[in-house]
Amino acid sequence: MDTKKLGIKFSKDLKYKDLLRECYKYSNKSNYPSTHNAALLVKNGKIILGGVNILPPGVKEKKEYFKQRVNRHIYFNHAERDVIYKAARKGIPTNGLTMVMAWLPCIPCANALISSGIKKLIVHKQMIERTREGWQKELKNAVQIMKEAGVEIVAYDGLVGAKAYMHS
């Protein structure tokens, strides 16, 4: 995906590198079958809560939830929604917070991010560039609506010292 065409800011600020490294580490908690992704909520530079691609609390891990590619989007929460839902359950206000994640959100997650009052999104330029063709149009649209809603998007440009987990 051509990140320059998205019209987002790029940064080499080391505080973003450190937050993204923690995000990659946190993603190991995911039980999502194809990609382990995490989203962190940050207030005043400190991580206050994290979420991952995962089944909702109380939903049992049944084989049919993992089998077909289409089912994964039915049963699993993406990391962005997982952390926003966690914040709601714990009574943590999200208005004005920063979210950190490796990729750009899909449209439903962008809507959740906007509706929950997240004001800044930190992503990883090198991971966005690895986005498969099938996701690119949706992510471009997600960037557009977030920008329209006043969400500042910053892509860290550089290696972070942690590996992404992707296998399909």
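**Group meeting: walking through the sheet and its helices**

Let's start right in the middle of things: L41 has M99 as its bridge partner in β5. One thing to say before going on is that this is a predicted model, so please hear everything I say in that light.

Staying with that pair of strands, β3 covers residues 38-43 and β5 covers 98-101, and the two pair antiparallel over 4 bridges. Another match along there puts A39 opposite M101 in β5.

Now, M99 also has a partner over in β6, and that's L121. To get from one strand to the other, the chain leaves β5, passes through α5 and arrives at β6, and this β-α-β crossover is right-handed. β5 and β6 run parallel, with 3 bridges joining them. And how is β5 covered on its faces? Both of them are covered, with T98 and V100 buried on one side and M99 and M101 buried on the other.

Okay, zooming out to the whole sheet. It's open, it has 6 strands, and the order reads β1-β7-β6-β5-β3-β4, with mixed pairing. The edges are β1, residues 9-11, and β4, residues 46-52; each has a single partner strand, so one side of each is left without a neighbour in the sheet. From one strand to the next, the twist averages 25°.

On to β6. Of its 5 residues, 5 are buried, so this strand is largely enclosed by the rest of the structure. If you look at which way they point, K120, I122 and H124 go one way, L121 and V123 go the other, and all are buried. On the β7 side, β6 and β7 run parallel and are joined by 5 bridges. As one example there, V123 sits opposite A155 in β7.

Next up is a lysine I'd like you to click on. K125 belongs to helix α6, residues 125-128. Is K125 buried or exposed? It's buried, with a relative accessible area of 11%; the cut-off for buried is under 20%. As for what's around K125, if you leave aside its neighbours within four places in sequence, the contacts are T3, F10, A155, Y156 and D157. So A155 comes up twice: it's opposite V123, and it's in contact with K125.

Now the helices that lie across the sheet. α1, residues 14-26, lies across β1, β3, β4, β5, β6 and β7, and runs at about 135° to β3. α4, residues 79-90, lies across β3, β4 and β5, at about 120° to β4.

Last one is α7, residues 133-148. With 16 residues, α7 reaches 24 Å from first C-alpha to last, close to the 22 Å expected at 1.5 Å a residue. Which residues of α7 are buried? They're Q136, L139, A142, V143 and M146. Those cover an arc of only 130° around the axis, which puts them on the same side of α7. What they pack against is α5, β6 and β7. Turn to the face pointing away from that buried side and you find the exposed residues K137 and E148. After the helix comes G150, with a positive phi near 90°.

To pull the thread together: α5 is part of the crossover from β5 to β6, and the buried residues of α7 pack against that helix as well as β6 and β7. That's it from me, happy to rotate the model for anyone.

Conventions
Residues are numbered from 1 along each chain as its sequence is written. This is a predicted model: local features need pLDDT of at least 70, side-chain atom pairs count only at pLDDT 80 or more; totals for chains, interfaces and linings use all residues. Side-chain values use heavy atoms; hydrogens and water are left out. Two strands pair if DSSP finds at least two bridges between them. Axes are lines fitted to C-alpha atoms, for helices over the stretch in contact, and angles run from 0 to 180 degrees between N-to-C directions. Contact means heavy atoms within 4.5 Å. The expected span of a helix is 1.5 Å times one less than its number of residues. Buried means under 20% relative accessible area, exposed over 50%, partly exposed in between (1.4 Å probe, protein chains only). The arc is that of the directions from the helix axis to the C-beta atoms. A crossover is right-handed if, with the strands pointing away from the viewer, the path from the first strand over the helix to the second runs clockwise.
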